[in-house]
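Student: Could you take me through one part of this structure closely, and set it in the context of the whole chain? I would like the terms explained as you go.

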Amino acid sequence: GNINLSAGSGHTAIDIDNGHVVNTGNIVANGTAIHIKGSESTISNSGTIEAVDGVAAIHVDAGAGLNLSAASTTGKIVAKGTADGILLDTGALSLNVADTFIDLSDASSSGIGIHNVAGIEGITLDNTRIDVGGNGIGIKTGATLAKNNSGTINVNNGTGILVQNENGSAAATSLDISDSAALTINVTGSGTGIKATLDGNDRTLKSNANVNINSATGGPAID
């Protein structure tokens, strides 16, 4: 079935606590499409989970973790307006994303594909695609991702992976995606592949991801 709470604002379409959502339809909300509580929640998505504005298509709250997968690689996460694709709020515990398309290519989109406010280490992408338009950011994190990731991040004038604290300061972390040869970042405008603002205390950046700057006006592959 379908759920549509796109009118008005501040809505939550589905609120789960250590539950399992199987979505084959369209879940649309202005606010949050799915709000995750509990450390063992899962979503199996072969439809569309969309926030037309507001907080996030999927909001993973304090004390919560999420395993997100898509049946037959058809699942789509859509975020428009100010909404993030997946928001890991302060105190969130974990995120694994498999066979999923996170789409922030709409002209109205100003959110982030995966927004790691929680600063958790080890977010894993498995055959995951993230598209962001304009000056958008694919992944923003203050901690390293998992070493082994796969999929594609497509950006225009923005940044594929941005490592820095929420307040814009240097992150007290290294970035190690050295086993991520199956991860590709494509930049089609003036954007940057990976930008890591690290605090300099013996921090390192190890990457085996493929970064393609497909524009004469493109920024650095790694900054």
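Tutor: What follows begins with the whole chain, turns to one strand and its partners, and ends with a few single residues.

This is a predicted model, in which local features need pLDDT of at least 70 and side-chain atom pairs count only at pLDDT 80 or more, whereas totals for chains, interfaces and linings use all residues. Residues are numbered from 1 along each chain as its sequence is written, and side-chain values use heavy atoms, with hydrogens and water left out.

The chain has 22 strands and 0 helices, where helices (H or I, at least four residues) and strands (E, at least two) are DSSP runs numbered from the N terminus. Its radius of gyration is 16 Å, which agrees with the value near 17 Å that a compact globule of 223 residues would have; the radius is taken over C-alpha atoms, and the globule rule is 2.2 Å times the number of residues to the power 0.38. Taken along the principal axes, the box filled by the C-alpha atoms is roughly 45 × 35 × 35 Å. Of the 223 residues, 50% are buried, and here buried means under 20% relative accessible area, exposed means over 50%, and partly exposed lies in between (1.4 Å probe, protein chains only). Contact means heavy atoms within 4.5 Å, and among contacts between residues at least 6 apart in sequence, 66% join residues at least 24 apart.

The part to look at closely is strand E8, residues 75-79, which is largely enclosed by the rest of the structure because 4 of its 5 residues are buried. Two strands pair if DSSP finds at least two bridges between them. Strand E6 (residues 48-60) runs parallel to E8 and is joined to it by 4 bridges; within this pairing, Ala51 has Ala79 in E8 as its bridge partner. E8 also pairs in the parallel sense with strand E11 (residues 100-104), again over 4 bridges, and here Gly75 has Thr100 in E11 as its bridge partner. As background, side chains in a regular strand alternate between the two faces of the sheet.

Asp99 sits in the loop between strand E10 (94-98) and E11. The phi of Asp99 is near 55°, a positive value in a residue other than glycine, and Asp99 is partly exposed, with a relative accessible area of 24%. Asn127 also has a phi near 55°, positive although Asn127 is not glycine; Asn127 lies in the loop between strand E13 (124-126) and strand E14 (128-132), and counts as partly exposed at 40% relative accessibility.

Two threonines complete the picture. Thr159 belongs to strand E17 (residues 159-163) and counts as buried because its relative accessibility is 12%. Not counting residues up to four places away in sequence, Thr159 touches Gly136, Ile137, Gly138, Thr192, Gly193 and Lys195. Thr184 lies in strand E19 (residues 182-187) and is buried, with a relative accessible area of 19%. Once neighbours within four places in sequence are set aside, Thr184 is in contact with Gly151, Thr152, Ile153, Asn210 and Asn212. The C-alpha atoms of Thr184 and Gly160 are separated by 9.6 Å, and these two residues are 24 apart along the chain.
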